[in-house]
Amino acid sequence: MDGPRYDGTPLLVIVDGANVVGSVPDGWWRDRRGAAERLRDRLAADGLPGHAGPVEIVLVVEGAARGVEPVSAVRVESAAGSGDDHIVALVAAAGGRSRLVVTADRELRRRVTDLGAEVVGPRAVRG
């Protein structure tokens, strides 16, 4: 994963916000939007730990977390419907660009790897 991208563009990192937030039982269910904002802020501060090259981070939120504002280092996209479907659409739209999806969702993992994306679990961004 380390090193420059073959086409000079940063690695596109798409984070399944609901799945990553839900991977730790820290009370996130009491304030889903606040939990998504904390994840956004961690991503902005830490990027993709262990990855030396440039990255473009997109945090996909859904449900009660919709409306989380972006920050300079993290683009936030609110899924109109299914967050998984939105993530698949982002992967497909990125074409041949290097893409990494952060999720533990088995079905989503299958769908995005079928489109050529790589996948890592929530620990990759949770520290």
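Two strands count as paired if DSSP finds at least two bridges between them. Keep that rule at hand for these exercises, which use a predicted model.

**Exercise 1. Lay out the sheet**

Task: Work out in which order the strands of the sheet lie, and which of them are the edge strands.

Solution:
- Step 1. Follow the pairing from strand to strand: five strands give the order β3-β2-β1-β4-β5, in an open sheet with parallel pairing.
- Step 2. Look for strands that pair on one side only; these are β3 and β5, the latter covering 118-120.
- Step 3. Check the twist, which averages 25 degrees from one strand to the next.
- Step 4. Zoom in on β1 and β2: they run parallel and are joined by six bridges. Within this pairing, Val13 has Ile57 of β2 as its bridge partner.
- Step 5. Now add a helix. α2 lies across β1, β2 and β3, and its direction is at about 175 degrees to that of β2.

**Exercise 2. Find the cores**

Task: Describe the largest nonpolar core and say which element gives the most to it.

Solution:
- Step 1. Count the residues: this core has 21, and those with the most contacts inside it are Val13, Val15, Leu39, Leu43 and Leu59.
- Step 2. Assign them to elements. At least two residues come from each of β1 (11-16), α1 (17-21), α2 (32-46), β2 (55-61), β3 (74-78) and β4 (99-102). The element that gives the most is α2, with four residues.
- Step 3. Take Leu39 as a case. Beyond its neighbours within four places in sequence, Leu39 is in contact with Val15, Gly17, Val20, Val21 and Leu59.
- Step 4. Look for another core: a second, separate one has 15 residues, including Val60, Val101, Val112 and Val119.

**Exercise 3. Place two small residues**

Task: Decide whether Gly17 and Ala117 are buried or exposed, and list what they touch.

Solution:
- Step 1. Gly17 lies in helix α1. Its relative accessible area is 5%, so Gly17 is buried, given that the cut-off for buried is under 20%.
- Step 2. Leaving out residues up to four places away in sequence, Gly17 touches Leu39, Leu59 and Val60.
- Step 3. Ala117 sits in the loop between α4 (106-113) and β5. At 6% relative accessibility, Ala117 is buried.
- Step 4. With residues up to four places away again left out, Ala117 touches Val91, Arg99, Val101 and Val112.
- Step 5. Compare sequence with space: Ala117 and Arg97 are 20 residues apart in sequence, and their C-alpha atoms are 8.9 Å apart.

**Exercise 4. Classify the aromatic pair**

Task: Say why the pair of Trp28 and Trp29 is edge-to-face, and how accessible each residue is.

Solution:
- Step 1. The count comes to one aromatic pair. The ring centres of Trp28 and Trp29 are 5.6 Å apart and the planes are at 80 degrees, so the pair is edge-to-face; planes over 60 degrees apart fall in that class.
- Step 2. Trp28 has a relative accessible area of 18% and is buried, whereas Trp29, at 42%, is partly exposed.

**Exercise 5. Follow a histidine**

Task: Where is His51 found, and what does its side chain reach?

Solution:
- Step 1. His51 is found in the loop between α2 and β2.
- Step 2. Its relative accessible area is 11%, so His51 is buried.
- Step 3. The His51 side chain reaches the backbone oxygen of Gly53 at 3.5 Å.

Key. Residues numbered from 1 in each chain as written. Predicted model: local features only at pLDDT ≥ 70, side-chain atom pairs only at ≥ 80, totals over all residues. Heavy atoms only, no water. Core = buried A, V, L, I, M, F, W, Y, C linked by side-chain atoms within 4.5 Å. Buried < 20%, exposed > 50% of the residue type's maximum accessible area, 1.4 Å probe, protein only. Contact = heavy atoms within 4.5 Å. Phe/Tyr/Trp six-rings, centres within 6.5 Å; stacked < 30°, edge-to-face > 60°. Axes fitted to C-alpha atoms, helices over the stretch in contact; angles between N-to-C directions. Polar contact = N/O pair within 3.5 Å; in protein donor to acceptor, adjacent residues only side chain to side chain.
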